[in-house]
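Visitor: I am new to this structure. Could you walk me through it?

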Amino acid sequence: MAARPVVLVTGLSGAGRASILRHLEDLGFETVDNPPLDLLEELVGDGDQPLAAGVDTRSRGFDPEQVLRTLSRLRLRPDIAVTLVYATAEDAVLLRRYSETRRRHPLAPGGSLGSRVADGIAREQALMAPLRDAADMVVDTSDLPLPSLRQTIERRFRREGAPGLLIHVQSFAFPRGLPREADLVFDVRFLRNPHYVPELKPQTGRDAAVAAYVEADPDFPGFWGRLVGFVDPLLPRYVAEGKKYLTVALGCTGGRHRSVLVAERLADHLRILGWRADVTHRELDEAARGPAASEARLGGREALSPSP
């Protein structure tokens, strides 16, 4: 059984330590920022989820030598694999970041230590030097944009089966409004409408007869090819930009037939390609929950009945 990853993230204030923790959280790590040092080993415990802990000069009882001693003890455990990541940046970059955010440096809080950020940076560099020397991975963010930082962390710590882009495909009815969470919206009202076929009207896009009717539309094959031809190349680019959730919404008039069929087919297509995709149908799901669900969603207003 592979050892459980444990990552200690430390470094200079303003150098991107918090961003590194967020990227690790996106990769499925349980993240804890600035736990008391005497609780660090207890925090690691005996769980099985990867863990990332942020440790810096703001941590209660911070002492670099204690961090190194704790690190040495953790590395003796055969069930975990410990990595020390150190975030740094050039002095001028750190000064600029503090100037832009107007935050106090933790080692230049005023009083006897003064309030000059440059002095705080110098104190922190001297204090943190033992941790930089012991680090398994030093990340200099001076010229590293956030997307590049994320890619750096993903290359080093992404595990098999780690969470990636989750795609949610949803059908809806236009008269009830667009889904608020939609990233991409497609209108399929141009397809032939089963609503006008008496035996198909009570069915939904999940039924084979409705699917056959809609897919027999002469324009359906061309539309389908263009739809997946548009969506498929976007997904790797979304992943490269760090997007974790994508909602693709497909709408028709009633939200029961055409949009349901295309949403089901698109979700199946994405799963075949290896993407994590789920599918929901807003109007069908609301109908299954009863009238109270529609009234709650509309804030107590009278619900609009979708026309054909």
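**Strands, helices and cores**

Guide: We start inside a sheet of this predicted model. Ile167 has Leu246 of E8 as its bridge partner.

Visitor: How many bridges join strand E6 to strand E8?

Guide: Strand E6 covers residues 166-173, and strand E8 covers residues 245-252. The two run parallel. The number of bridges joining them is eight.

Visitor: Which strands are the edge strands of this sheet?

Guide: The sheet is open and has four strands, with parallel pairing. Their order is E7-E8-E6-E9. An edge strand pairs on one side only. That points to E7 (184-187) and E9 (276-281).

Visitor: Which helix packs on the sheet, touching E6, E7 and E8?

Guide: Its direction makes about 175° with that of E7. It spans residues 220-240. This is helix H8.

Visitor: What angle does helix H9 make with E9?

Guide: Helix H9 takes in residues 258-272. It lies across E6, E8 and E9. To E9 it runs at about 170°.

Visitor: Which strand gives the largest share of the largest nonpolar core?

Guide: This core has 41 residues. Val7, Ile20, Leu24, Ile153 and Phe157 have the most contacts inside it. Six of the core's residues come from one strand, at residues 80-88. That strand is E4.

Visitor: How many residues does the second, separate core have?

Guide: Ile167 is among its members, the residue whose bridge partner in E8 is Leu246. Val228, Leu250 and Ala267 are included too. The size of this second core is 30 residues.

How values were computed: Residues numbered from 1 in each chain as written. Predicted model: local features only at pLDDT ≥ 70, side-chain atom pairs only at ≥ 80, totals over all residues. Heavy atoms only, no water. Core = buried A, V, L, I, M, F, W, Y, C linked by side-chain atoms within 4.5 Å. Buried < 20%, exposed > 50% of the residue type's maximum accessible area, 1.4 Å probe, protein only. Pairing = 2+ DSSP bridges. Contact = heavy atoms within 4.5 Å. Axes fitted to C-alpha atoms, helices over the stretch in contact; angles between N-to-C directions.
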